[in-house]
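Me: Could you help me see how the labels in this structure are earned? I would like the reasoning behind each one.

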Amino acid sequence: MPELPVPELLALDRAHVWHPYAPMPGRTDPLVVDSASGVRLRLAEPVHGRRELIDGMSSWWSALHGYNHPVLNEAARGQLERMSHVMFGGLTHEPAVRLAQRLVEITPEPLRHVFLSDSGSVSVEVAVKMCLQYWRSAGRPAKRRLLTWRGGYHGDTWQPMSVCDPDGGMHQLWSGVLPEQIFADAPPAGYDAYDESYADHLRDMVARHADETAAVIVEPVVQNAGGMRFHSPAYLRVLREACDEHGVLLVFDEIATGFGRTGTLFAAGHAGVAPDVMCLGKALTGGYLSMAATLCTPEVAEGISRGEFPVLAHGPTFMANPLAASIAHASIGLLLDQDWALEVKRIESALREGLAPAAELPGVTGVRVLGAIGVVQLDHPVDLAAATAAAVRAGVWLRPFRDLVYVMPPFVMGDEDLGTVCEAVLAAAVAG
Ligand code: PMP
């Protein structure tokens, strides 16, 4: 139990604590979580008659193994006794080295070098720096823009915001201030929706802008916070070929899709292509601590090293945090030691079956499922308070946004809980 009575805690929260995409002082009361274990969040006091909620969100794609997992706890405890942090300039340690080695083993073949940072957005900043520095080192400083497709989302810091969707996206406030990037149309919606004329559009955009483009950056297969849209993996092959043909680097932002969420270990696996640079975050530590990674090929790293300024100009204080690295290593082990693909398939089937009735509900325009991701799209902006309350009444934690009610359960969720989560999604879609 929290030491503060809940009303007092909430009053202080409203007065002092900023929440994501929220005003200050706060206007709505968040739920107070006291603890979490397995797939359940325990509230400090009951809300709508519920003290425990099944977590449908994996804390925004990250808590793959659920909460308070004995193996991850042990990894944290073991490392805590040795050191929780140490600077990374001039020093190294086993947790970072072992994690980097593991990441290189499990990601597509040419990726061999790993920069460990502290959040997804920063891993994208690092990726952009790598690409821009690569071209500067090659004597091509004019290649400094990024090309992406509309509907994307890459984080809340400066360069990532500049490649988020400029129209429907979350960062319209900053248009005119952010670096101006190059936008192709959004990919046609649907995993099976391949359209050759759109592929031609991508080829044309890369060819036309190659002289000024350092890199193409995209979220492979699933556009996350830009609208939870799926697209054909074949476009990733089109981009790979176009980038190779015209001398442009290719960056995959796998921050949301990495570690099995879409049914392949990385979403690049749907297309069988490898990027030059890959960003990972979120589920890297199984949701325990903030850590992200930017991986690149020897070609990119050696290119930077050949330059006039031969070092990558980035060095965050909490780079390669040993506590996070130990947990990340344990989390990857936990994932790969089980038949994770079977678990994701099991969740995919449960979501397909459980969410299918949503298609008949008034106001629902689409239902889509891929791997352990389920999305119900509405024809109106969701009423967040009403939708959340409906889900809580059903015993489930959901966080709808825009016109979407969506879920991404921890991989350890049992069938009965998955059924409850699907019912809560339907209830939230009706109420919202
Ligand atoms: N890229 C993608 C695809 C994401 O989904 C997110 C987080 N929603 C980010 C980047 C940013 O990661 P972080 O919130 O850890 O900075």
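Here are some questions about the labels, each with its reasoning.

Reply: Happy to help! Keep in mind that this is a predicted model.

Me: Why is G315 called exposed?

Reply: A residue is exposed if 12 or fewer other C-beta atoms lie within 10 Å of its own. G315 has 12 such neighbours, so G315 counts as exposed. You will find G315 in the loop between α9 (298-305) and α10 (322-336).

Me: And why is R399 called partly exposed?

Reply: Buried needs 20 or more other C-beta atoms within 10 Å, exposed needs 12 or fewer, and partly exposed is in between. R399 has 17, so R399 is partly exposed. R399 sits in the loop between β15 (396-397) and β16 (404-407). Both G315 and R399 are on UniProt's "binding site" list, from an unreviewed entry, along with W60, Y153 and K282. The listed residues are spread in space, up to 33.7 Å between C-alpha atoms.

Me: How do you know that β3 and β15 pair?

Reply: Pairing takes at least two bridges between the strands. Strand β3 (residues 50-55) and β15 have two bridges, in the parallel sense. In one of the bridges, I54 is partnered by V396 of β15.

Me: What makes β1 and β15 edge strands?

Reply: The open sheet runs in the order β1-β2-β3-β15. β1 (33-37) and β15 each have a single partner strand, so one side of each is left without a neighbour in the sheet.

Me: Which helix gives the largest share of the shell around the ligand?

Reply: Helix α5 (residues 120-137) does, with three residues. The shell has 14 residues, and G120 and S121 are among the closest.

Note on methods:
Residues numbered from 1 in each chain as written. Predicted model: local features only at pLDDT ≥ 70, side-chain atom pairs only at ≥ 80, totals over all residues. Near = placed C-beta within 6 Å. Helix = DSSP H or I, 4+ residues; strand = E, 2+ residues; numbered from the N terminus. UniProt positions renumbered as here; feature names shortened; annotations may be inferred.
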